[in-house]
Number of protein chains: 2
Amino acid sequence: MTARTPDSARDIPEATVARLPVYLRALISLAEEGTTTCSSEELAAFAGVNSAKLRKDLSYLGSYGTRGVGYDVEYLRYQIAREIGVTQDWPVVIVGIGNLGHALANYSGFRSRGFRVVALLDADPDRHEEVVAGLDVRSFEDLESIVAEHDVSIGVIATPAVAAQSVADRMVATGITSILNFAPAVLSVPDGVGVRKVDLSIELQILAYHEQRKSIAPGAGAVS
Amino acid sequence: MTARTPDSARDIPEATVARLPVYLRALISLAEEGTTTCSSEELAAFAGVNSAKLRKDLSYLGSYGTRGVGYDVEYLRYQIAREIGVTQDWPVVIVGIGNLGHALANYSGFRSRGFRVVALLDADPDRHEEVVAGLDVRSFEDLESIVAEHDVSIGVIATPAVAAQSVADRMVATGITSILNFAPAVLSVPDGVGVRKVDLSIELQILAYHEQRKSIAPGAGAVS
DNA sequence: AGGAGTTTGTGAACGGGAGAACAAAACGAG
DNA sequence: CTCGTTTTGTTCTCCCGTTCACAAACTCCT
């Protein structure tokens with residue numbers, strides 16, 4: 001019996017999903033400075049997008065605005081948070097506690113945005129003595145038990161590139177279904193497992209391409 | 001009848017530009033394991049994309065393959081590197097030496113991919129005593145002289161969100177024309193200045209959205 | 001109460017990218 | 001030399017996302 005959830009079963013375009021967190025951040029800023037109501041124009045300026053795009057994006061969630069008035073900041077903030085799923089706390093494990101893993105473990109933005117780092121894992125026994133961000137660095141072998149104990153479904157990979165695929169395989173085997181990959185490697189995972197990658201040097205290379213263009217042909221276009 | 005692009009193809013789609021670094025990384029891997037020639041099918045598998053898409057992407061650069069044979073790994077590697085502009089070394093400054101700035105300063109992937117961190121800057125005088133990754137942490141006030149001295153055109157922002165816009169303004173004023181922003185804030189810059197952003201928690205929120213979807217409606221699609 | 005002024009939500013046009021399919025070119029066998 | 005095989009480069013079609021433009025809906029003022 002497939003009970004279709006009429007409330008949140010709508011298909012929100014991927015491009016819109018990627019912008020919802022930006023809107024959420026903008027709304028939190030507005031709320032902090034005491035604004036209770038805002039127009040699509042204002043919010044769009046805060047989020048750095050076109051106001052028509054913003055309205056269309058929000059229309060996928062429902063009709064949460066009032067014509068002639070705008071949006072209630074608190075109400076819209078809650079609706080977006082609920083749609084994304086960050087009204088609850090998501091437990092997260094980080095694998096690979098090198099320079100980047102350290103930084104991620106200490107990053108306060110995770111905690112404040114609905115994520116809780118429950119464990120730090122590393123394959124190197126020399127690191128198991130360390131305490132980072134108030135957490136013991138534990139053996140990678142403990143992955144299964146930690147995932148089971150905390151019901152973890154999101155994993156972060158911050159290992160060197162060579163280790164990334166095997167870590168991902170192990171994560172998938174333990175039941176993790178979403179992976180954020182910082183290693184400069186292409187991961188292959190089964191259908192149904194979500195992967196997003198962040199590659200620091202790729203971003204710089206894209207900038208370098210446009211930078212080179214500018215010096216060759218001055219007056220060329222900007223970067224999106 | 002396609003006008004042959006003699007030197008550098010003029011209009012490379014943005015989506016293609018974003019994938020070129022991935023192809024470059026794949027080619028370097030292939031070269032390291034001794035492969036001298038590869039087909040579009042092989043290379044596409046290495047890069048995690050469709051082979052038709054790969055061929056179309058490469059066609060924007062020129063005709064560097066041989067029909068019936070494939071691509072010469074070394075030759076194609078050089079051509080892509082040249083197109084991106086990473087045959088030369090790009091000097092880069094990092095502003096904001098907190099946890100993330102530390103990690104970025106120590107990240108070896110920058111150096112090996114055509115970027116050289118020439119200075120680390122922080123507004124906090126307490127940090128000016130530190131030495132990170134072999135570089136003195138210097139005052140943010142030194143930005144102008146450093147940019148002038150090393151002819152820097154790419155800057156990295158790893159400050160808290162509140163400082164990001166003023167740092168960007170200052171960077172633009174000194175002549176920096178490409179910015180990689182890790183702060184969770186929307187930057188506004190003049191036309192002609194390129195900005196790319198990396199937001200760690202946004203990526204997690206996107207994963208959370210799909211994760212929530214899975215638990216509500218099992219059998220739903222994966223993440224792109 | 002009614003009209004003027006705002007602002008949302010959305011239908012429709014538009015542009016760019018993804019993928020399938022195929023013709024052109026290179027190589028090797030006979 | 002000719003034919004068959006392989007693989008690239010390109011064309012064509014479809015789909016997603018962006019943007020425009022406007023009717024609907026709400027507030028405020030008289």
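This report describes the sheets, helix packing and nonpolar cores of a predicted model.

**The seven-stranded sheet of chain B**

In chain B, seven strands form an open sheet with mixed pairing, in the order β6-β7-β5-β4-β8-β9-β10. The edges are taken by β6 (131-132) and β10 (194-197) of chain B; each has a single partner strand, so one side of each is left without a neighbour in the sheet. Helix α7 of chain B (residues 143-150) packs on this sheet and touches β4, β5 and β7 (135-139) of chain B. The direction of α7(B) makes about 165° with that of β5(B). Helix α8(B) also packs on the sheet, where it touches β4, β8 and β9 of chain B, and its direction makes about 170° with that of β8(B).

Several strand pairs of this sheet can be described by their bridges. The table lists four of them, each with one pair of residues that stand opposite each other.

| Strand pair | Sense and bridges | Residues opposite each other |
|---|---|---|
| β4(B) and β5(B) | parallel, six bridges | Val93(B) and Ala119(B) |
| β4(B) and β8(B) | parallel, four bridges | Val95(B) and Ile157(B) |
| β8(B) and β9(B) | parallel, four bridges | Gly155(B) and Ile179(B) |
| β9(B) and β10(B) | parallel, four bridges | Leu180(B) and Arg196(B) |

Strand β4(B), residues 90-95, is mostly covered, with six of its six residues buried. In a regular strand, side chains alternate between the two faces of the sheet. In β4(B), Trp90(B), Val92(B) and Ile94(B) point one way, while Pro91(B), Val93(B) and Val95(B) point the other way. Val93(B) has a partner in each of two strands: this residue stands opposite Ala119(B) in β5(B) and opposite Gly155(B) in β8(B).

Strand β8(B), residues 154-157, has a similar description: Ile154(B) and Val156(B) point one way, Gly155(B) and Ile157(B) point the other way, and all are buried. Gly155(B) faces Val93(B) of β4(B) across one pairing and Ile179(B) of β9(B) across another. Strand β9(B) spans residues 178-181. Together with helix α8(B), residues 161-174, strands β8(B) and β9(B) make a right-handed β-α-β unit.

**The three-stranded sheet of chain B**

Chain B also has an open sheet of three strands in the order β1-β3-β2, with antiparallel pairing. Its edge strands are β1 (37-38) and β2 (65-66) of chain B, each of which pairs on one side only. Strand β2(B) is joined to β3(B), residues 70-72, by two bridges, and Thr66(B) stands opposite Gly70(B) in β3(B). Helix α4 of chain B (residues 73-84) lies across β1 and β3 of chain B and runs at about 75° to β3(B).

**Helices α2 and α3 in the two chains**

How do α2(A) and α3(A) cross? In chain A, the axes of α2 (residues 40-47) and α3 (residues 51-61) come within 8 Å and cross at roughly 105°. Angles of 65 to 115 degrees count as roughly perpendicular, and α2(A) is therefore roughly perpendicular to α3(A). The residues that meet are Ser40(A), Glu41(A), Leu43(A) and Ala44(A) in α2(A), and Ser51(A), Leu54(A) and Arg55(A) in α3(A).

In chain B, α2 (residues 40-47) and α3 (residues 51-59) pack at an angle of about 105°, with their axes 8 Å apart. These two helices are therefore roughly perpendicular to each other. Ser40(B), Glu41(B), Leu43(B) and Ala44(B) of α2(B) make the contact with Ser51(B), Leu54(B) and Arg55(B) of α3(B).

**Nonpolar cores and Cys38(A)**

The largest nonpolar core has 102 residues, of which Ile80(A), Leu104(A), Phe115(A), Ile80(B), Leu104(B) and Phe115(B) touch the most other members. Leaving out residues up to four places away in sequence, Ile80(A) touches Leu20(A), Tyr23(A), Leu24(A), Leu27(A), Leu58(A) and Leu61(A). Apart from the largest core lies another, of 22 residues, including Met171(A), Ile176(A), Ala183(A) and Val193(A).

Is Cys38(A), a residue of strand β1 (residues 37-38) of chain A, buried or exposed? Its relative accessible area is 1%, and buried means under 20%, so Cys38(A) is buried. Beyond its neighbours within four places in sequence, Cys38(A) is in contact with Leu30(A), Leu43(A), Gly70(A), Tyr71(A) and Val73(A). The C-alpha atoms of Cys38(A) and Pro184(A) are separated by 41 Å, and the two residues lie 146 residues apart along the chain.

Note on methods:
Residues numbered from 1 in each chain as written. Chains lettered and ligands numbered in written order. Predicted model: local features only at pLDDT ≥ 70, side-chain atom pairs only at ≥ 80, totals over all residues. Heavy atoms only, no water. Core = buried A, V, L, I, M, F, W, Y, C linked by side-chain atoms within 4.5 Å. Buried < 20%, exposed > 50% of the residue type's maximum accessible area, 1.4 Å probe, protein only. Contact = heavy atoms within 4.5 Å. Pairing = 2+ DSSP bridges. Right-handed = clockwise from strand over helix to strand, strands pointing away. Axes fitted to C-alpha atoms, helices over the stretch in contact; angles between N-to-C directions. Parallel < 35°, antiparallel > 145°, perpendicular 65-115°, else oblique.
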